[in-house]
Amino acid sequence: MAEVILHSLFTDFDISLFKSGKHYRLYEKFGSHPMTLNGVEGTYFAVWAPSAKMVSVIGDFNFWLEGDHKLFVRWDGSGIWEGFIPEVGKGNIYKYKIQSHINDVKTEKADPYARRSEHPPKTASEVWDDNYKWKDKKWMSKRATKNALDSPFSVYEVHLGSWKKQVEEGRFLSYTELADELVAYVKDMNFTHVEFMPIMEYPYDPSWGYQITGYFSPTSRFGYPDEFKLLVDKLHQADIGIIVDWVPSHFPEDAHGLGFFDGSHLYEHPDRRKGYHPDWKSLIFNYGRNEVKSFLISNALFWLDQYHVDGLRVDAVASMLFLDYSRNDGEWEPNMYGGRENLEAIDFLKEMNEAVYQNYPDVQTIAEESTAFPMISRPTFLGGIGFGMKWMMGWMHDTLQYFSKEPIYRKHHHNDLTFSMTYAFTENFMLPLSHDEVVYGKRSILGRMPGDEWQRFANLRLLYSYMFTHPGTKLLFQGAEIGQGEEWNFQTSIDWHLLEYDGHKGIQNLIRDLNKLYKKEPALFEKQFSSEGFEWIDYGDYENSTFPYIRKGHNQEDDLIIVLNMTPVPRENYRLGLPRKGKLKEVFNSDHKSYNGTGEFHNKALKVTDEPWHWKDYSVEIKLPPLGMVALKYS
C-alpha cells in the first residue's frame, strides 16, 4: 500500500487568509484533488481538524482501515491535515477517520469540501473532478442586464425530486432529463429565472434539502456534477437564469456531517443557546469563528464560480439575525449591548454579500427574511445587510388572507391589500408564493380560493394578475401555475393530468401570458423598486372592492392602468379617473376565454373624456369583468 507523501497546496498567504476569515476560495485547497506529483498519479487531501491528534483517510482503496493513510498536520497551528496518496483517483470513495485530543473521541466524517457524495443513504465522499466545457458564453456576457434590478425577474421555484417523475420506472428525472424537459417548460412558460430548492447533498428526503451535509456537492440523487452543469448550461442557452437555495443558517447532526467534527464544536457554536436550532433540531454555525466564515463564504462563491449560478436565495435569514428566534425567555443570551440581534451573524451576512457582489457583480442574493429588520436589501456602505432583494412575506400573508375571504366580506378588509403600498419601497421586494405556502395543512393556492368552481378559478386568475402587476419581482412555486388542487407532496409529481381540464389549462395560459406581459411592458419592471413606479388612482373604493392604479416606467407612454374587481359582480360602466387625454387599448384581461373566463367583458377602443373623476381631470368608462383584472395602455 502506497505511503502518504507530504505535499501542500497551501501557501503562507492562504493560511493567513484562512485564519483571518478572508479566504474565499477554500475549495481550491481543501478537499480531495486528483493530481500528478513527481510523475505519480494520485489525490491530494486536506481537511481542517484542529482538535485532532490523528487524521487518516479511509476508503475503498484501503479496505476502510484506520491508520493506513495518515495525513500530516501542518506546523503553523492552522489545524490543517494534508497529504498526497498515490494511486487514488476519480471515483474512489472515502471518509476521514479523526481521533481527537478530547477524550480520544473518534469520528468518521464525510469531506466538508467533497465535490461529489455517495447516493443516500450511503454517506461517504467521492474523489471527483470534471472538465466540463461550458457553452453559455452568450448568457454570461449579458447576464448583468438579465439580473438587473430594473429588469423583469420572474422565478419558477422547483423541487427537482417532485417536479415530474419517470412514472414507468418510479424514479426522479435525472439532471440530464431535466435539461431537456424542465428547460423547455420554463422557456415555454416565459419565466426569466428558475430557482432550485437546495441541490447540495442532503441525507434525508423529507428535509427537502434544507439539512445539508455536502455543501460543495450537487446531490447525487439526480446524477453527476457535470450533468448538473449541463442543466445550468441548457438553462442559460435558453436565456433562463438559475438561482439556488443556500442554507448557511443551520446543518444536521448526522454522524458523517459537520457536527462535532473533530471531537470538538468546530463548525457549530459551542453554546447551545447559539449553536442549536430548536425548530429544526439542527446545529447553528459559529459565525464568529474566522475559519467557519471562510468556509461559508467560499461555499457561496463556489456555486457562482464552478456552476455559473446567477443568484443565491438565502434561507431562514430571520433565524440568523435574532438570538431569541424561536426561543423562550432564559433560552437565549443578549448581545454585548443587551439587545437580541446576533451581531456575529449580521457581520457574516454583510461580509458574504460584499464578497459575492465584489466578485460577481452581475448576480443577485435574495433573503428569505420574515421580520421588519431594516435595510436587508440595502448596500452595506449605507448600513444595510447587502442583499439584492428580500422576500415580501407581509404581502404574501395579507394577500392570501384577503383572497381566502368570500367577496361579500372583502369590503371590510380593503386595507389588507392597500397596506402593502405603505412599505413596498422600503426594500427591494420579491413577491413569493413559495413551497412554504402549500404544505402542512395550509392547502394549495387554489384550495384557499372561495366560491363555486368557476369563482375559485376566477379568484386564482385575479390573484396572479394582481401579483404580476404589483411592484416587485415574482416567485411562483411549481404546480401553482396549473392550479394544483392538492397540497405539495415532495414524494409525488405535480398533477400534470389536471391540464386535461379547461380551468387548469386556463391558469397555465394565464401565467404564460402574465410572464409575457411582465417582460414586455417596461412600466412593470423599470421602476419596480421605486415609489415613482406606482400611483393609486383610488385606494378607497372599499364598497365596490375595486383597486385601480397606474404602473409607470421611465417613459410616460409606457404607463399601464390596472383595475382589479374583487367581486363576482361585473361592472359595465365603471368610470376611471385618468391623468391625461388620449385613447386607451386593453392589453390584458384575466377574463379572456383562453383562460377559461367568460370572454364577455373586453374593452375595445376607449376614448378618454374631459369629465373629472377620481380627483383627476379626465376619465373613461370601461368594462370590468367579474373577479377580473384589466390592464389598459394609451395607444
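Here is a short exchange on charges, helices and backbone angles in this predicted model.

User: What makes E195 and R313 a salt bridge?

Analyst: Their closest N and O atoms are 3.9 Å apart. The cut-off is within 4 Å, so the pair counts.

User: What do E195 and R313 tie together?

Analyst: E195 lies in strand β13 (residues 193-196) and R313 in strand β19 (residues 311-314). The pair therefore ties together parts that are 118 residues apart in sequence.

User: Why are E195 and R313 called buried?

Analyst: Buried means under 20% relative accessible area. E195 has 0%. R313 also has 0%. Both values fall under the cut-off, so both residues are buried.

User: How do you know that D315 forms a salt bridge with R313, and is D315 buried or exposed?

Analyst: The closest N and O atoms of D315 and R313 are 2.9 Å apart. That is within 4 Å, so it is a salt bridge. D315 has a relative accessible area of 8%. That is under 20%, so D315 is buried.

User: Which residues do salt bridges that share partners join into one network with R313?

Analyst: The network holds E195, D245, R313, D315 and E368. The structure has 41 salt bridges.

User: What makes E169 and R171 a salt bridge, and how is each classed for exposure?

Analyst: Their closest N and O atoms are 2.8 Å apart, and the limit is 4 Å. E169 has a relative accessible area of 53%. Exposed means over 50%, so E169 is exposed. R171 has 28%. That lies between 20% and 50%, so R171 is partly exposed.

User: How do you know that R571 has no salt bridge?

Analyst: The nearest side chain of opposite charge is D541, 6.3 Å away. A salt bridge has to be within 4 Å, so this pair does not qualify. R571 is nonetheless buried. R571 lies in strand β27 (residues 571-578).

User: What makes the approach of R571 to T567 a polar contact?

Analyst: The two side chains come to 3.2 Å. The limit for a polar contact is 3.5 Å, so the pair counts. The backbone oxygen of N544 also lies 3.2 Å from a polar atom of the R571 side chain. Leaving out residues up to four places away in sequence, R571 touches N544, T546, N565, I622, K623 and L624.

User: How do you know that the length of α4 agrees with a helix?

Analyst: Helix α4 covers residues 225-237, which is 13 residues. The expected span is 1.5 Å times one less than the number of residues. That gives 18 Å, and the end C-alpha atoms are 18 Å apart, so the two agree. The buried residues of α4 include F228, L231, V232 and L235. Just after α4, D239 takes a positive phi of about 70 degrees.

User: Why are the buried residues of α1 said to be on the same side?

Analyst: They are D14, I15 and F18. They cover an arc of only 95 degrees around the axis, which puts them on the same side of α1. On the other side, D12 and F13 are exposed. The buried residues of α1 pack against β2 (40-48), β5 (80-86) and α6 (290-306). G21 follows α1 and has a positive phi, near 75 degrees.

User: What makes W454 partly exposed?

Analyst: W454 has 29% relative accessibility. That lies between 20% and 50%, so W454 counts as partly exposed. W454 sits in helix α11 (residues 453-469). Its contacts beyond four places in sequence include D591, P626 and L627.

User: What makes the phi of N38 and of M375 notable?

Analyst: Most residues other than glycine have a negative phi. N38 has a positive one, near 55 degrees. M375 has one of about 60 degrees, and M375 is not a glycine. N38 lies in the loop between β1 (31-37) and β2. N38 has a relative accessible area of 74%, over 50%, so N38 is exposed. M375 lies in the loop between β20 (364-367) and β21 (389-391). M375 has 30%, so M375 is partly exposed.

User: What kind of peptide bond joins P120 and P121?

Analyst: Most peptide bonds are trans. The bond between P120 and P121 is cis, with omega about 15 degrees. P121 lies in the loop between β8 (116-117) and β9 (125-126).

Note on methods. Residues are numbered from 1 along each chain as its sequence is written. This is a predicted model: local features need pLDDT of at least 70, side-chain atom pairs count only at pLDDT 80 or more; totals for chains, interfaces and linings use all residues. Side-chain values use heavy atoms; hydrogens and water are left out. Helices (H or I, at least four residues) and strands (E, at least two) are DSSP runs, numbered from the N terminus. Buried means under 20% relative accessible area, exposed over 50%, partly exposed in between (1.4 Å probe, protein chains only). Lys and Arg count as positive and Asp and Glu as negative; His and the chain ends are not counted. A polar contact is a pair of N or O atoms within 3.5 Å; within protein, one must be able to donate a hydrogen and the other to accept it, and residues adjacent in sequence count only if both atoms are side-chain atoms. Contact means heavy atoms within 4.5 Å. The arc is that of the directions from the helix axis to the C-beta atoms.
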